[in-house]
Amino acid sequence: MKFGRLREKMVSTQIEARGIYDQRVLEAMRKVPRHFFVSEALQDQAYGDFPLPIGEGQTISQPYIVAEMTQALELTEDDRVLEIGTGSGYQTAILAELVHRVYTIERVRKLLITARKILDQLKYHNVVAKCSDGTLGWPEESPFEAIIVTAGAPKIPDAFVEQLTVGGRLVIPAGNRFSQALLKVVKHEDGVRQINLGGCRFVKLIGNNGWKEE
Ligand code: SAH
């Protein structure tokens with residue numbers, strides 16, 4: 001199986017080799033067929049060490065960054081996770097392998113429709129998706145044990161911290177339009193604690209509490 005072999009190699013050389021240790025995350029990355037989430041013309045590149053275009057000016061994130069962000073969420077099976085920026089649906093599928101229920105929001109309807117179709121085809125029935133401005137979070141379904149934002153924000157929207165449980169984790173790239181810091185924010189009874197996981201570059205988080213549309 002050509003894609004199976006490429007996927008195995010992706011996990012060992014790009015992800016394990018760079019220090020991702022969470023066995024459940026590694027297992028999910030070994031399982032989810034990433035090539036389903038890109039156009040046919042790009043399938044041969046699906047397991048490469050880079051992001052790829054998915055249309056509408058957006059990208060499917062590099063495999064390593066997906067693994068790094070997922071590990072930072074410290075997920076357990078009973079968690080409910082909110083994802084902002086469904087995009088291709090690949091990160092959504094990784095999350096759906098790891099937790100009870102995934103809520104995902106995408107602002108570009110066309111991308112969401114395509115992602116939903118693939119997630120259904122792969123039988124990820126624990127994914128609830130909607131098309132709207134994710135910078136507002138999903139108050140009706142909150143609180144969440146984990147929130148992951150896969151687009152770069154100018155600053156951390158308050159809504160995300162408000163919609164976390166105490167002990168909940170938020171992973172979000174924040175910075176300017178060209179580069180961001182990948183931040184992990186943990187909510188405690190008496191406030192939040194934040195760590196910087198390093199530099200990164202994401203497409204823009206556009207919305208009410210994000211960048212304004214151009
Ligand atoms: N996790 C996705 C990343 C896609 S890129 C993947 O690996 O495929 C980021 C996505 O965030 C884009 O699809 C973009 O349309 C979406 N996005 C940007 N601002 C948003 C917002 N306010 N609400 C929801 N989605 C948003």
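1. Helices (H or I, at least four residues) and strands (E, at least two) are DSSP runs numbered from the N terminus. The model is predicted, with local features needing pLDDT of at least 70, side-chain atom pairs counting only at pLDDT 80 or more, and totals for chains, interfaces and linings using all residues. Numbering starts from 1 along each chain as its sequence is written, and side-chain values use heavy atoms, without hydrogens and water.

2. Let me begin with the backbone. The peptide bond between Ser142 and Pro143 is cis, with omega at about 5°. Pro143 belongs to the loop that links β5 (127-131) to β6 (144-149). If you are checking the geometry of the loops, please have a look at the Ser142-Pro143 bond.

3. Glu56 also deserves a look: although not a glycine, Glu56 has a positive phi, near 60°. You will find Glu56 in the loop between β1 (52-55) and β2 (58-60). Is Glu56 buried or exposed? Neither label fits: Glu56 counts as partly exposed because its relative accessibility is 43%; buried means under 20% relative accessible area, exposed over 50%, and partly exposed in between (1.4 Å probe, protein chains only). Between the C-alpha atoms of Glu56 and Gly87 there are 9.6 Å in space, and 31 residues along the chain.

4. Lys123 is another non-glycine residue with a positive phi, about 65°. Its place is the loop that runs between α5 (109-121) and β5. Lys123 counts as exposed because its relative accessible area is 62%.

5. Now to the ligand. Around the ligand there are 26 residues (a heavy atom within 4 Å), and Ser88, Glu106, Asp133, Gly134 and Ile206 come nearest. Three strands, β2, β3 (80-84) and β4 (101-106), each give at least two residues to the shell around the ligand. Which strand gives the largest share? That is β2, with three residues.

6. Sorted by class, the ligand shell holds nine nonpolar, 12 polar and five charged residues. In this scheme Ala, Val, Leu, Ile, Met, Phe, Trp, Tyr, Cys and Pro are nonpolar, Asp, Glu, Lys and Arg are charged, and the others, Gly among them, are polar.

7. A few individual contacts with the ligand are worth displaying. A polar contact here is a pair of N or O atoms within 3.5 Å; within protein, one must be able to donate a hydrogen and the other to accept it, and residues adjacent in sequence count only if both atoms are side-chain atoms. Ser88 places a polar side-chain atom 2.6 Å from a ligand oxygen. With Ser61 the backbone is involved: one of its N or O atoms is 3.1 Å from an oxygen atom of the ligand. On the side of Thr150, an N or O atom of the side chain is 3.2 Å from a nitrogen atom of the ligand. The ligand exposes 580 Å² when taken alone, and the protein buries 99% of that (Shrake-Rupley areas, 1.4 Å probe; for residues, only the protein chains shown count as cover).

8. Arg169 sits in strand β7 (residues 164-175) and counts as buried because its relative accessibility is 10%. What does its side chain contact? One partner is the side chain of Asp79, in a polar contact at 3.0 Å. Another is the backbone oxygen of Glu74, 3.0 Å from a polar atom of the Arg169 side chain.

9. After β7 comes Asn176, in the loop between β7 and β8 (180-188). Asn176 is partly exposed, at 41% relative accessible area. A polar atom of its side chain lies 2.8 Å from the backbone nitrogen of Phe178. Trp211 is 35 residues from Asn176 in sequence, with 9.7 Å between their C-alpha atoms.

10. Finally, please look at the loop between α2 (23-31) and β1, where Arg34 lies. Val32 is in the loop between α2 and β1 too. Arg34 counts as buried because its relative accessibility is 0%, and Val32 is likewise buried, at 0% relative accessible area. The C-alpha atom of Val32 is 8.4 Å from that of Glu97, 65 residues apart along the chain. Arg34 and Leu136, 102 residues apart in sequence, have their C-alpha atoms 29 Å apart.
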